[in-house]
Amino acid sequence: MPDDEAGRLSGTDHERTAADLAAAVSQLMRRLRAASPQGSLTPSQRTVLGRLAGGGAATTAELARAELVRPQSMRVIVARLEELGLVARSPHPTDGRQVLFSLTEHGEGAIASVRHSKHAWLADAIAHRLTPDEQRALCDATLLLKRLVEE
């Protein structure tokens, strides 16, 4: 609720809004994961696949830094993805001690399938659960969320 004539929120309102938004985003992420056909993959494995899809080949150390996990933990994740045929290793072009991991064709297909399922579920929910005015409000809110996460 705005607490002054200019429509500004109080610090308490900001905190409540932040908590409500974080909870809603968390619930949305759970629903999107549930809509995904790659249920056998852990969230960490899906994240690594997504990172490789968006950023290209990477070393285990680079992936670990990006995901804020220990290199040993990332090695376990990447090893499982390799066993599943979703990633493949290749020699680093300039450092013979390192190995690069990249998506295989099977991995690219898995990522595309996951994304399609998530987007289809969300598009259907928006179309069938929200009124046209709510759909427009969500579009506006999406732009605001993008601004919040810009660096």
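**Salt bridges and a buried threonine**

Good morning. Let us begin in helix H1, residues 11–35, where Arg16 and Asp13 sit three residues apart, or about one turn of the helix. The structure before you is a predicted model. The side chains of Arg16 and Asp13 meet in a salt bridge, with a distance of 2.9 Å from N to O. Side chains of opposite charge can pair when their charged atoms come close.

Are these two partners buried or exposed? Asp13 counts as buried, because its relative accessibility is 9%, under the 20% cut-off. Arg16, at 45%, is partly exposed.

By the rule applied here, the model holds six salt bridges. Allow me to present two others.

One of them joins Arg51 to Glu67, with the closest N and O atoms 2.5 Å apart. This pair links distant parts of the chain, since Arg51 belongs to helix H2 and Glu67 to helix H3, 16 residues apart. Both are partly exposed: Arg51 has a relative accessible area of 37%, and Glu67 has one of 22%.

The other pairs Arg136 with Asp133, again with the closest N and O atoms 2.5 Å apart. Both residues lie in helix H6, residues 132–149, and three residues separate their positions, about one turn of the helix. Asp133 is exposed, because its relative accessibility of 54% is over 50%.

Finally, I turn to the loop between helix H2 and helix H3, which contains Thr59. Thr59 is buried, with 3% relative accessibility. Which residues does Thr59 contact, leaving aside its neighbours within four places in sequence? They are His92, Gln98, Val99 and Leu100.

Thank you for your attention.

Note on methods: Residues numbered from 1 in each chain as written. Predicted model: local features only at pLDDT ≥ 70, side-chain atom pairs only at ≥ 80, totals over all residues. Heavy atoms only, no water. Helix = DSSP H or I, 4+ residues; strand = E, 2+ residues; numbered from the N terminus. Buried < 20%, exposed > 50% of the residue type's maximum accessible area, 1.4 Å probe, protein only. Contact = heavy atoms within 4.5 Å. Salt bridge = Lys/Arg side-chain N within 4 Å of Asp/Glu carboxyl O.
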